[in-house]
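Here are a few notes to go with your first look at this one. Have the viewer open as you read.

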Amino acid sequence: GVRAYTLYGSLFFGSTSKVEPLLALAEPAESARVVILEMHKTINVDTTGLDTLDTLHRRLTKNGKVLVIAGANLQPLGLFRRSGFAERLGSDNLVADLPAALARAEALLGRSNP
């Protein structure tokens with residue numbers, strides 16, 4: 001299955017608790033196989049926010065799941081690229097908007113369920 005969430009405002013030290021509940025989605029028992037974070041309303045991300053996203057990505061990957069980020073604005077996108085997070089995430093999983101993210105999820109799930 002697919003779960004999609006929208007992040008609003010800033011993701012920085014002190015606000016990462018917004019994302020921490022999503023870490024439960026990485027658990028093997030959780031049915032979501034693709035997690036979409038829609039970030040077009042996220043103004044900025046600091047290194048603490050980036051660490052939280054990176055942790056989410058690593059835990060999902062470890063359990064055979066995929067994180068897709070949609071609509072990242074200039075500041076977060078720049079940080080994702082400079083830090084290497086964009087490369088770790090994979091260009092196919094860093095998409096322009098929610099429709100592209102849903103298409104990516106459909107492609108991922110379609111491939112694994114013949």
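**Notes on the surface and the cores**

1. Start outside: V2, L98 and L102 make a nonpolar surface patch of about 220 Å². A patch here takes residues with over 30% relative accessible area and no salt bridge, nonpolar side chains (Val, Leu, Ile, Met, Phe, Trp, Tyr) being joined within 5 Å. A salt bridge is a side-chain nitrogen of Lys or Arg within 4 Å of a carboxyl oxygen of Asp or Glu, and accessible areas come from the Shrake-Rupley method with a 1.4 Å probe.

2. Bear in mind that this is a predicted model, where local features need pLDDT of at least 70 and side-chain atom pairs count only at pLDDT 80 or more, while totals for chains, interfaces and linings use all residues. Residues are numbered from 1 along each chain as its sequence is written, and side-chain values use heavy atoms, without hydrogens and water.

3. L102 belongs to helix α4 (helices are DSSP runs of H or I, at least four residues; strands are runs of E, at least two). With a relative accessible area of 44%, L102 is partly exposed (buried is under 20%, exposed over 50%, partly exposed in between).

4. Look next at A96, in the loop between β4 (94-95) and α4 (98-112). A96 counts as exposed because its relative accessibility is 65%. Beyond neighbours within four places in sequence, A96 is in contact with A70 and G71 (heavy atoms within 4.5 Å).

5. Now inside: the largest nonpolar core has 25 residues, and L37, L67, I69 and F80 touch the most other members. A core is a set of buried Ala, Val, Leu, Ile, Met, Phe, Trp, Tyr and Cys residues joined through side-chain atoms within 4.5 Å. Apart from it lies another core of 10 residues, including V68 and A70.

How values were computed: Buried < 20%, exposed > 50% of the residue type's maximum accessible area, 1.4 Å probe, protein only. Patch = residues over 30% accessible without salt bridge, like charges linked within 9 Å, V, L, I, M, F, W, Y side chains within 5 Å.
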